[in-house]
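I sat down with this one today and kept a running notebook. Entries follow in the order I looked things up.

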Amino acid sequence: MRRALALARRSKGWTSPNPCVGAVIVKGGRVVGEGFHPRAGEPHAEVFAFRQAGKQARGGTLYVTLEPCVHYGRTPPCVEVILTSGIRRVVAAMVDPDVRVNGRGLTRLQAAGVEVTCGVLEEQARKLNEDFIKFKTQGLPFVTLKIAMTLDGKIATASGESQWITGDKARAHAQRLRHEHDAILVGINTVLADDPQLTTRLRRGKDPQRIILDSRARLPLTARVLHVASSASTWVAVTQDAPQSRIRKLEQSGAKVLPTESADGRVNLRQLMKLIAAQNVMSVLIEGGGTVAWSALDAGIVDKVIFFIAPKIIGGANAVTAVEGAGRRLGEAWRLRDVRVKRMGEDVMVEGYVCRHCQ
């Protein structure tokens, strides 16, 4: 199963709105076939494993990181492929949360006489597909808040200087995060200050959809996000306060405008998450400034935070803080669970999940 999980991780960033899945076929204590689901619309992991195993699969054991599907989508159900292969036993890491499957695949296999085991390395499998699980169970994208800051919590100097706070390894990991998420979200102030392209600077990476929080449609028509050569699109989230003339100009420039209700003069982030989920956006990486970070946390849309902390001290009462806004009392501070700390060059990465029910 560890090998199957390693195979599944190879496709992270490419399979949305499908999950990342790996499969390994073992017979006589020897691996005879393996594979992973490379992209949405292409064959599933089990199919690739069976192609490699051929007749050797008969009487063997299939290890798969997610319950085999039992429904017809863009590809036939994997359960039928398994049943025709002569596999004796199927070991799955977890049940598929998709309502079209959700245990039906395993039940179908058992009914046909296949021995079934489920729950092997389930925690690792659930973490790998945490975005897919939330998307299928709640109908909302999985949201990660990423911040690069100094030891004293600053993301820019008082004059706005911010490049570069962290080192090469941390920045490379941040680019990997862009590749792995369906969309990247920033505020209009970030665009006005830095004019970023919001692309993935990896040799074999995928660009996320670019989402700009722009309540009054102030995005300059010359902004690079509107003209960058990319397979991804630029979406501009506005409120009813945005002038229709500006909206029309943005649309004429190729942007997709997403109208939302106003939340204290800002884009309603809860509503925005529902809108982009309807567009099959399964995961969002927030890279905005301190105000956007506060708004996202305050709206309750953040699932995971990743802070890159550089061993630098900027100081300054007017320097930009990682999370701004009104702030909370200490007893009401957001708490993290399952915290992981990792060294990245000279920097430190702190990753954790926002605890919804911590006291």
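**Entry 1: a pair across two strands.** I started at Val-24, which stands opposite Tyr-63 in strand 3. A reminder to myself: this is a predicted model. I then looked at the pairing around that spot. Strand 1 and strand 3 (residues 61–64) are antiparallel and share four bridges.

**Entry 2: the other neighbour of strand 1.** How many bridges join strand 1 to strand 2? I get six, and these two strands also run antiparallel. One of the partnerships I noted is Ala-23 with Gly-35 in strand 2. Strands 1 and 2 make a hairpin with two residues between them. In that turn I found Gly-28 with a positive phi of about 60 degrees.

**Entry 3: is strand 1 covered or open?** I checked burial along strand 1 (residues 22–27), and five of its six residues are buried, so I wrote it down as mostly covered.

**Entry 4: the whole sheet.** I stepped back and traced the strand order. The sheet is open, has five strands in the order 2-1-3-4-5, and its pairing is mixed. Which strands sit at the edges? They are strand 2 and strand 5 (115–118), and each of them pairs on one side only. Neighbouring strands in this sheet are turned by 15 degrees against each other on average, with direction ignored. A textbook note for the margin: strands of a sheet pair through backbone hydrogen bonds, either parallel or antiparallel.

**Entry 5: helices on the sheet.** I looked for helices lying across these strands and wrote down two. Helix 2 lies across strand 1, strand 2 and strand 3, and it runs at about 140 degrees to strand 2. Helix 4 (residues 104–111) lies across strand 4 (89–92) and strand 5, running at about 150 degrees to strand 5.

**Entry 6: one arginine on helix 2.** I picked Arg-51, which belongs to helix 2 (residues 45–53). Is Arg-51 buried or exposed? Its relative accessible area is 58%, and the cut-off for exposed is over 50%, so Arg-51 counts as exposed. I also checked its distance to Gly-35, the residue I had met as the partner of Ala-23. Arg-51 and Gly-35 are 16 residues apart along the chain, and their C-alpha atoms are separated by 8.9 Å.

**Entry 7: the second largest pocket.** I moved on to open space and put the volume of the second largest pocket at about 680 Å³. It has 25 lining residues, and the closest to its centre are Glu-130, Phe-142, Asp-303, Arg-337 and Tyr-353. Which element gives the largest share of this lining? Helix 6 does, with four residues. Elements that each supply at least two lining residues include helix 5 (122–128), strand 6 (142–150) and helix 10 (269–277). Sorted by class, I have 13 charged, 10 nonpolar and two polar residues in the lining of the second largest pocket.

**Entry 8: enclosed space.** Last lookup of the day. I searched the whole structure for cavities of 30 Å³ or more and found one. The largest cavity holds about 70 Å³ of space. Of its 14 lining residues, Gly-13, Thr-15, Ser-16, Asp-131 and Met-282 are the closest to its centre. The class tally for the lining of the largest cavity is six polar, four nonpolar and four charged residues.

Conventions
Residues numbered from 1 in each chain as written. Predicted model: local features only at pLDDT ≥ 70, side-chain atom pairs only at ≥ 80, totals over all residues. Heavy atoms only, no water. Buried < 20%, exposed > 50% of the residue type's maximum accessible area, 1.4 Å probe, protein only. Pairing = 2+ DSSP bridges. 1 Å grid on protein atoms, 1.4 Å probe; cavity = no way out; pocket = protein on both sides within 12 Å on 5 of 7 lines; lining within 4 Å. Points joined across faces, edges and corners; volume = space filled by probe spheres on them. Nonpolar A, V, L, I, M, F, W, Y, C, P; charged D, E, K, R; others polar. Axes fitted to C-alpha atoms, helices over the stretch in contact; angles between N-to-C directions. Contact = heavy atoms within 4.5 Å.
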